[in-house]
Amino acid sequence: MKRSYFNKAKADVDHQTDSAPFFIEKGVLSAGWSFKDTPEMRVEAIEKIQTFSDYRKFFDETSNKLGWNKKWNNQSVHYLFDNLQAGDFVWIKNKGMYWVTQVPQDPKSMFKFDMSEQFMAADAVAHIGPLEWIEVGGEDTVPGSVTTAKGRLQAAMQRIDNGDESIDFDDDVYTTTSLIAKSAIDKHNNISLIKSEIPKTQIFNLMGSVGLEDLVAFWLYSKYGYVVIPSTNKISTELYEFVMVDARGRTGKKIYLQTKNGKLDLYTSDYKHLLRNGVNDEVWLVSRGGAIDGDNTLHFVKLTHETVERHNLNELISFIFSKDNEAILPPLVQVWLDKFDWK
């Protein structure tokens, strides 16, 4: 299976080194660990490291000698050389735009070690290459698994498509994110695009977290006439995405919306205090991959003073794929509809 990884391209001890422009210019990929602590260490590394096996051995010896107590399997460089496979894709972000490359061979066989000043400055002395980086585009051209990666991943480099469907295509198997990467690279190389058939549920993976909150807001507008108060989307709160009002009349009702497009649980008890006495306020909660109130079958509800009203994610899917709604779908949803044959 062709998998997708994201590299934050923020290296060095303080993670302030922006390596993305260097990766693109040099056609390389790294995940840090440059052994540049002391001049003596650099001299020793140059003398001892020729192959990946040399590098791996030097890592262990140096960690033990200096008491770092660093475990290889806990480092991002481990993902680069052990997890990444030939044919996999790696995404990075550079100056607001997303780029992707496909790794042509086993990363261990592509290992290079360069302790020149330019590679040390980019914290990239251990790297793989040559690679061809392709510019894909901005937020509205890449799947949600990519747009949310930089903020949610703990390591500098990790796999990002664990929640994707597996798709048989061209005598191989791809994740949804990887198929998007292949399409971008094929387009760059003037290879005719062939549409793949994928399940409609995969639209959630593609739209990302921002796309989901936009989608639910558009659905609420279409179904109930609720409209967003724009300024509330700028409020710094983790409790809700924004506040809506009922545009059908001066009811004074407020509608709060919280969406999670991942495996995050939500609890209605955390939101009951938002409901004011004497007013028909509502809270809408969506957790696409998580549970609501510990119920693994519950992902979409409306909370009022009286009830927790169950809804189904299929209501959102039907809304997306209805021809009547094409003109009012949010851009982060609409952009994917023509790229696949949906089943």
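Buried means under 20% relative accessible area. The legends below describe close-up views of a predicted model.

**View 1. Asp186, a residue of helix α8.** Is D186 buried or exposed? Its relative accessible area is 13%. That value falls under the 20% cut-off, so D186 counts as buried. Two residues that D186 touches are I191 and L193, leaving aside residues up to four places away in sequence.

**View 2. Helix α8, residues 176-188.** This helix has 13 residues. From its first C-alpha to its last it reaches 19 Å. That is close to the 18 Å expected at 1.5 Å a residue. How many residues of α8 are buried? Ten of the 13 are, so the rest of the structure largely encloses the helix. The buried set begins with T176, T177, S178, L179 and I180. It also holds A181, K182, A184, I185 and D186. After α8 comes N190, with a positive phi near 60 degrees.

**View 3. Helix α4, residues 76-83.** This helix is mostly covered. Six of its eight residues are buried. Which ones are buried? They are S76, V77, H78, Y79, L80 and F81. What do these buried residues pack against? One partner is a helix, α3 (52-65). The strands in the list are β1 (4-7), β4 (29-30), β7 (111-113), β8 (126-128) and β10 (157-159).

**View 4. Lys95, in the loop between β5 and β6.** Strand β5 spans 89-94, and β6 spans 97-102. K95 is not a glycine, yet its phi is positive, about 55 degrees. Is K95 buried or exposed? K95 has a relative accessible area of 75%. The cut-off for exposed is over 50%, so K95 is exposed.

**View 5. Asp171, in the loop between β11 and β12.** Here the flanking strands are β11 (166-169) and β12 (172-175). D171 is a residue other than glycine with a positive phi, near 60 degrees. Its relative accessible area is 83%. D171 is therefore exposed, as that value is over 50%.

**View 6. The cis peptide bond from Gly129 to Pro130.** Look at the link between G129 and P130. Its omega is near 0 degrees, and the bond is cis. Where does P130 lie? P130 sits in the loop between β8 and β9 (134-137). Strand β8 also appears in View 3, where the buried residues of α4 pack against it.

Technical notes: Residues numbered from 1 in each chain as written. Predicted model: local features only at pLDDT ≥ 70, side-chain atom pairs only at ≥ 80, totals over all residues. Heavy atoms only, no water. Buried < 20%, exposed > 50% of the residue type's maximum accessible area, 1.4 Å probe, protein only. Helix = DSSP H or I, 4+ residues; strand = E, 2+ residues; numbered from the N terminus. Contact = heavy atoms within 4.5 Å. Expected span 1.5 Å × (residues − 1).
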